Amino acid sequence: MKAVIALFILFSLLTSWSVKAQRIKDLADVAGVRSNQLIGYGLVVGLPGTGEQSPFTEQSFKTMLSNFGITMPENLKPKIKNVAAVAVHAELGAFTKAGQTIDVTVSSMGSAQSLRGGTLVQTILMGLDGNAYAVAQGSLVVSGLGAQGLDGSQVLVNIPTVGRIANGGIVEREVKSPFATGDYITFNLRNSDFTTAKRLSDTINDLIAGSAQAIDATSVRVSAPRDISDRVSFLSVLENLEFEPATPAAKIIVNSRTGTIVIGSEVTLLAAAITHGGITVTINEMQDVSQPNAFAEGETVVTNQSAVNVSNADARMFVFKPGVTLETLVRAINEVGAGPGDVMAILEALDQAGAIRGELVII
């Protein structure tokens, strides 16, 4: 019931909001201006006995020692419960220069119980092309906490096997960006729409006639100066231009796992009559003891007794005329006390009947 009321309030807010002008920078990205993912493999040391003892951890530990000129006998297995093998990943932002720092995330790869109190030793972070772009090192900040008793009972708060190092990675190589090359700047819409792309190009052409061209539903190409300083100033002006994006397509999004329903403001109904009623079946199982008379020479047995009750809830019919919005439908369903599951069933039935002017998307 509360979920349906919340749905009705949300829909009312959506229908009351008008599409307002937005800046280009809030709706589109510049082609080539993007971040890059980095990943590496390393060791976390200094753990208070919460590390792991696995073959690949031992091998990594021996390799690290050999880099410092320390050679361990082949038959010697080190006891390294204060060491854990980890995967280190980070995101290298666009235009990040060598010498700048980035945040890194460290995740356990083996059976380590916790990374709390550990320190990541120097780890190389590589890009998709296999080149090294950053080096990470430092003390981990772990928000998770875990405790285990001798009887196997365990208390776990958040995730103790994942930590983070703020500014723990130093950039060693810059990723070249195509921003400074070519004669054009391309804006890529975050939500593809032909109308929005046309309006974006028209807005830029109103400022500089003939400079913008909509390529497809996503991209708008704009002529730009070659000088890098002029290009930065030019883009600074363009990205702050405001225009009114197109109204999104009529859609209903239904999350069957959480019971969340989001209805777009453009969704309307064709003429339809809806009736929805629930049948509740209740089965109660009871056990009784059947005991014979004192001189019957029988045996006492346990018998099962079942009580089956079927109740049919009141079913009410709603008749809607063409063009009625789903706001009216939600209000009507809300008045009879239907839940989110009932709303989903009604929406699916309306979609199958072809009575919804919009797309029903179930995730």
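Contact here means heavy atoms within 4.5 Å, and helices (H or I, at least four residues) and strands (E, at least two) are DSSP runs, numbered from the N terminus. The structure is a predicted model, in which local features need pLDDT of at least 70 and side-chain atom pairs count only at pLDDT 80 or more, while totals for chains, interfaces and linings use all residues. Residues are numbered from 1 along each chain as its sequence is written, and side-chain values use heavy atoms, with hydrogens and water left out.

## Helix α5 and its surroundings

Helix α5 spans residues 228-238, and its buried residues (buried means under 20% relative accessible area, exposed over 50%, partly exposed in between, with a 1.4 Å probe and protein chains only) are R231, F234, L235 and L238. Seen down the axis of α5, these buried residues fall within an arc of 95 degrees, taken from the directions from the helix axis to the C-beta atoms, so they line one face of the helix. An α-helix has 3.6 residues a turn, so residues three or four places apart point the same way. The elements that cover the buried residues of α5 include α2 (24-27), β2 (28-30), β11 (184-189), α4 (194-207) and β13 (219-223). At the start of the helix α5, a side-chain oxygen of D227 comes to within 3.2 Å of the backbone nitrogen of S229.

## Nonpolar cores

A nonpolar core is a set of buried Ala, Val, Leu, Ile, Met, Phe, Trp, Tyr and Cys residues joined through side-chain atoms within 4.5 Å. The largest such core has 22 residues, and those with the most contacts inside it are V88, V106, L115, L120, L125 and L140. At least two residues of this core are supplied by each of β3 (36-45), β4 (84-92), β5 (101-108), β6 (119-126), β7 (132-139) and β10 (162-171), and the largest share, five residues, comes from β4. A second, separate core has 20 residues, among them A28, A197, A212 and V222. In soluble globular proteins, nonpolar side chains tend to be buried together.

What is L120 in contact with, leaving aside its neighbours within four places in sequence? The residues in contact with L120 are L43, V44, V86, V88, V106, A136, Q137, G138, L140 and I165.

## Strand pairing around β6

Two strands pair if DSSP finds at least two bridges between them. Strands β3 and β6 run antiparallel and are joined by three bridges, and within this pairing I39 has M126 in β6 as its bridge partner. Strands β6 and β7 also run antiparallel, joined by six bridges, and here L120 stands opposite G138 in β7. The hairpin of β6 and β7 has five residues between the strands, and in it G130 takes a positive phi near 85 degrees.

## Two buried positions

S60 lies in helix α3 (residues 55-67) and is buried, with a relative accessible area of 14%. Not counting residues up to four places away in sequence, S60 touches Y41 and L43. The side chain of S60 also makes a polar contact with the side chain of Y41 at 2.6 Å, where a polar contact is a pair of N or O atoms within 3.5 Å; within protein, one must be able to donate a hydrogen and the other to accept it, and residues adjacent in sequence count only if both atoms are side-chain atoms.

A272 belongs to strand β18 (residues 272-276) and is buried at a relative accessible area of 15%. The C-alpha atoms of A272 and A355 are separated by 6.6 Å, although these residues are 83 residues apart along the chain.

## Salt bridges

A salt bridge is a side-chain nitrogen of Lys or Arg within 4 Å of a carboxyl oxygen of Asp or Glu, and a search of the whole structure finds seven of them. The table lists some of these pairs.

| Pair | N to O distance | Separation in sequence |
|---|---|---|
| E174 and K97 | 2.8 Å | 77 residues |
| D103 and R164 | 3.4 Å | 61 residues |
| D183 and R226 | 2.8 Å | 43 residues |

E174 is in the loop between β10 and β11, and K97 in the loop between β4 and β5. E174 counts as partly exposed at 37% relative accessibility, and K97 counts as partly exposed at 38%. D103 in strand β5 and R164 in strand β10 link distant parts of the chain. D183 lies in the loop between β10 and β11 and R226 in the loop between β13 and α5, so this pair ties together parts that are apart in sequence. D183 is partly exposed at 38% relative accessibility, whereas R226 is exposed, with a relative accessible area of 58%.
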